[in-house]
Amino acid sequence: MSVLDQIIEGVRVDLAAREATTPLAELERLVADAAPALDPMPALAAPGVSVISEVKRKSPSKGDLADIPDPAALAAEYESGGASVISVLTEQRRFGGSLDDLRAVRKQVTIPVLRKDFIVTSYQLWEARAAGADLVLLIVAGLDQPTLEHLHAEARGLGLTVLVEVHDPAEVQRALDVGATLIGVNARNLKTLEVDDTAFERIAPSLPADAVAVAESGITGPDDVRRVVAAGADAVLVGEALVRGGDPRAAVAAMVEAGHSDIRPSRS
């Protein structure tokens with residue numbers, strides 16, 4: 001069983017426990033009363049690089065990363081540094097996150113918020129929207145094509161923007177087949193947890209010019225931002241480098257500055 005399979009197995013167990021305590025009807029009521037979701041696409045597609053800054057306590061590959069007693073305060077620092085989106089990891093077993101983190105961040109910031117988790121059922125989409133998420137992550141490697149198509153369509157129906165994550169050109173095609181317009185290229189193989197620093201450069205040519213491309217994992221500082229921007233990235237998603245750096249506001253600002261290039265290559 002791969003690492004991804006193990007994570008999803010745990011996600012399903014925890015999901016069943018939440019479903020037993022909070023019926024879907026309650027989530028539907030909360031969503032009906034919620035303000036409309038914010039649209040991140042104008043900011044993510046704007047000139048220069050957009051930074052998606054992540055609230056991330058730990059990971060399966062690195063273990064504990066940072067003590068984050070107040071995720072809302074961290075998110076506020078990210079926003080002050082120029083982040084375009086705040087990503088909140090809500091998976092508990094391997095990443096130490098929760099929907100409470102997402103709710104706290106949503107109350108604090110004015111920019112869009114991404115629920116980053118291993119979403120495998122519609123219930124999680126309703127959870128995300130009820131907690132205030134504007135975006136959700138769907139991981140192609142963790143879903144069969146009919147499920148990916150169904151979840152992508154249902155998320156859009158709820159007003160959520162979908163970041164579809166891929167790891168190779170075949171997954172890019174699967175993402176495009178469901179209508180993805182925001183595509184994240186993850187340099188970390190979720191089945192082995194190994195990072196391939198050349199992943200974005202290799203996969204970017206498979207992305208259409210009208211897709212918004214996000215480079216994920218392996219972004220440690222401004223030099224990496226410049227590297228992926230040169231390959232066609234519109235945005236970067238960064239967690240570990242920001243929570244470990246000591247000054248998240250300055251770290252985000254430095255990445256935003258590094259991503260403003262006069263010339264950006266086009267993708268076919």
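## Largest pocket, nonpolar core and S50

In this predicted model, the largest pocket encloses about 470 Å³ of space. Its lining comprises 31 residues, and those lying closest to the pocket centre are K56, K116, R188, S217 and G218. Three elements, β6 (135–139), β10 (235–238) and α11 (240–244), each contribute at least two residues to the lining of this pocket. The composition of that lining, sorted by residue class, is set out below.

| Class in the lining of the largest pocket | Count |
|---|---|
| Nonpolar | 14 residues |
| Polar | seven residues |
| Charged | 10 residues |

Turning to the interior, the largest nonpolar core holds 90 residues, and within it Y78, I86, F118 and V236 are the residues with the most contacts. Helix α1 (residues 3–21) supplies the largest share of this core, namely six residues. For Y78, when residues up to four places away in sequence are left out of account, the contacts are S53, E54, V55, A83, I86, L242, V243, P248 and V252; one of these partners, I86, is itself listed among the core residues with the most contacts.

S50 belongs to strand β1, which spans residues 50–55. With a relative accessible area of 3%, S50 counts as buried, because that value falls under the 20% cut-off. Again setting aside residues up to four places away in sequence, S50 touches A43, L44, S84, D234, A235 and V236. Among these neighbours, V236 is also one of the residues with the most contacts inside the largest nonpolar core.

Notes
Residues numbered from 1 in each chain as written. Predicted model: local features only at pLDDT ≥ 70, side-chain atom pairs only at ≥ 80, totals over all residues. Heavy atoms only, no water. Helix = DSSP H or I, 4+ residues; strand = E, 2+ residues; numbered from the N terminus. Buried < 20%, exposed > 50% of the residue type's maximum accessible area, 1.4 Å probe, protein only. Contact = heavy atoms within 4.5 Å. Core = buried A, V, L, I, M, F, W, Y, C linked by side-chain atoms within 4.5 Å. 1 Å grid on protein atoms, 1.4 Å probe; cavity = no way out; pocket = protein on both sides within 12 Å on 5 of 7 lines; lining within 4 Å. Points joined across faces, edges and corners; volume = space filled by probe spheres on them. Nonpolar A, V, L, I, M, F, W, Y, C, P; charged D, E, K, R; others polar.
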